[in-house]
Amino acid sequence: MEYDAIILGAGAAGLMAAATAGQAGARVLVLDHADKAGKKILISGGGRCNFTNTGAEAACFLSGNPHFPKSALARYTQWDFLALVERHGIAWHEKTLGQLFCDGSARQILAMLLDECARGEVDIRLATQIGEIGHGDGRFRVAGASAANLVIATGGPSIPKMGATGLAYRIAERFGLAVVPPRPALVPLTLGPRDAAFRAIAGLSCPVTARVGPASFKEAALFTHRGLSGPAILQVSSYWSPGTPVELTLLDNAPELLREARRQMPRARLRAALSEHLPNRLAELLATQIGLEKQLANCSDADLERAADPLARLSLHPTGTEGYAKAEVTAGGVSTAALSSRTMAAKALPGLHVIGEAVDVTGWLGGYNFQWAWSSGWAAGMAIAERRAG
């Protein structure tokens with residue numbers, strides 16, 4: 001069977017590309033080895049799908065080429081996708097930091113994408129093994145079908161229990177595209193014996209500013225039995241590399257807070273002062289580590305400055321991550337150097353497109369990776385339609 005495009009992967013990016021190309025007149029086939037489309041969509045956002053972010057812009061994405069996402073994000077914006085959501089009558093709400101969620105269920109976003117594909121008369125084949133991919137005479141041949149365009153939209157290996165694999169990288173390398181080594185991103189970090197005391201306060205969460213190198217995020221951190229999690233930690237995990245410390249600011253203006261505590265509660269000790277601002281178990285642990293045993297009235301300004309230092313810059317030393325099983329996305333992927341930022345097509349093979357998580361573009365936590373799926377999928381879909389018309 002002959003098509004204008006074969007899209008590998010029935011996830012967010014693949015369905016967006018299929019609907020865009022199909023509604024522009026292209027004949028499109030979507031193939032996926034899973035028995036259901038959009039499995040990652042369904043589990044996202046606690047089942048309510050954080051489908052985009054009002055602040056989505058290129059600066060919120062990691063890539064070997066930080067300029068690469070600009071074109072697609074500018075041509076299909078978060079407001080374009082929100083308009084689509086509203087056309088389908090899906091109620092939504094905004095949570096912290098510009099995150100947009102469905103009021104109801106993530107199933108509504110998947111149903112919307114499938115409806116858009118149906119409007120474009122897209123063929124979707126699930127539970128289909130892709131097998132060998134042939135290429136010759138300007139056409140790609142997959143699973144008994146052929147097309148002038150092939151779109152790799154199979155994502156990365158994050159969340160393997162949902163069927164995720166590294167297939168995208170194998171296909172890319174088959175066609176000579178370089179791959180930036182993939183790694184888990186937006187993932188909890190593990191702590192070793194050096195920081196074992198913090199694993200002992202598992203379940204405790206508090207607001208922090210987390211830093212790795214120049215990257216910093218002010219959100220909640222969660223101490224776990226294995227190490228660190230929570231939004232602030234997931235954010236900096238994308239920037240973390242082995243051997244790099246994670247710094248947490250637990251209290252802003254810590255020296256001033258301690259001096260004020262000395263005035264207000266002179267007979268108290270450090271633990272009591274910290275408990276005014278931090279969870280009790282964390283206050284106790286930090287007071288023990290700092291080791292300032294005197295009553296606050298007997299503490300000099302220099303004493304309080306020393307005590308404030310780990311409150312302003314608590315340095316922890318992750319030993320690793322919890323891996324792809326717990327990673328929300330995959331960093332790295334098909335190198336942007338090999339792709340057109342306008343069409344998402346390989347420069348050396350214009351009919352081959354790579355979109356979504358398969359590309360070396362990784363967004364922050366909070367709907368950014370979905371927006372990249374919509375924007376890159378739309379860009380590829382439009383390019384396919386333009387190539388067909390030309």
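Okay, let's start at one pair of residues: in strand 18, T190 has G320 as its bridge partner. T190 belongs to strand 12, residues 189–191, and strand 12 pairs with strand 18 in the antiparallel sense over three bridges. Two terms there. Strands count as pairing if DSSP finds at least two bridges between them. Strands themselves are DSSP runs of E, at least two residues, helices are runs of H or I, at least four residues, and both are numbered from the N terminus.

Before I go on, a word on where this comes from. This is a predicted model, with residues numbered from 1 along each chain as its sequence is written. Local features need pLDDT of at least 70, side-chain atom pairs count only at pLDDT 80 or more, totals for chains, interfaces and linings use all residues, and side-chain values use heavy atoms, with hydrogens and water left out.

Back to the sheet. Which strands sit in it, and in what order? It's an open sheet of seven strands, ordered 17-16-13-14-15-12-18, with antiparallel pairing. Strand 17 and strand 18 (318–321) are at the edges with a single partner strand each, so one side of each has no neighbour in the sheet. On average, neighbouring strands of this sheet are turned by 40° against each other, direction ignored. For angles like that, axes are lines fitted to C-alpha atoms, for helices over the stretch in contact, and angles run from 0 to 180 degrees between N-to-C directions.

Now look at strand 13, residues 205–212. Strand 13 pairs antiparallel with strand 14, residues 215–223, over eight bridges. The two make a hairpin with two residues between them, and G213 in the turn has a positive phi of about 60°. V212 faces A215 of strand 14 across the pairing. Strand 13 is also joined to strand 16, residues 246–249, by three bridges, again antiparallel, and there R211 stands opposite E247.

What lies across these strands? Helix 12 does: it lies across strand 13, strand 16 and strand 17, at about 115° to strand 16.

Next, helix 11, residues 280–290. Here L282, A283, L285, L286 and A287 are buried. Buried means under 20% relative accessible area, exposed means over 50%, and partly exposed is in between, with a 1.4 Å probe and protein chains only. An α-helix has 3.6 residues a turn, so residues three or four places apart point the same way. Among the elements covering the buried residues of helix 11 are helix 7 (196–199), strand 13, strand 14, helix 10 (270–275) and helix 12 (301–312). Right after helix 11 comes G291, with a positive phi near 75°.

There's a second sheet to point out. This one is open too, with three strands in the order 3-6-5 and antiparallel pairing. Strand 3 (50–53) and strand 5 (92–94) stand at its edges, each with a single partner strand, so one side of each lacks a neighbour in the sheet. The twist averages 25° from one strand to the next. Strand 5 pairs with strand 6, residues 99–102, over three bridges, with E94 opposite L100.

Now helices against helices. Helix 1 (residues 12–23) packs on helix 13 (residues 368–389) at about 35°, with the axes 7 Å apart. Helix 1's side of the contact includes A12, M16 and T20, and helix 13's side includes W374, W378 and G381. Contact here means heavy atoms within 4.5 Å. By class, that contact has eleven nonpolar, three polar and no charged residues. In that count Ala, Val, Leu, Ile, Met, Phe, Trp, Tyr, Cys and Pro are nonpolar, Asp, Glu, Lys and Arg are charged, and the others, Gly among them, are polar.

Is T20 buried or exposed? At 12% relative accessibility, T20 counts as buried. Leaving out residues up to four places away in sequence, T20 touches W378, G381 and M382.

And the core? The largest nonpolar core has 82 residues, and I109 and W374 have the most contacts inside it. A nonpolar core is a set of buried Ala, Val, Leu, Ile, Met, Phe, Trp, Tyr and Cys residues joined through side-chain atoms within 4.5 Å. Helix 13 gives the largest share of this core, nine residues. With the same four-place cut in sequence, W374 touches A12, M16, F51, Y76, F81, I109 and L113. Apart from this core lies another, of 44 residues, including V236 and L282.

Last stop: Q264, in helix 9, residues 254–264. Q264 is exposed, at 58% relative accessible area. From Q264 to P181 is 83 residues in sequence and 54 Å in space, C-alpha to C-alpha.
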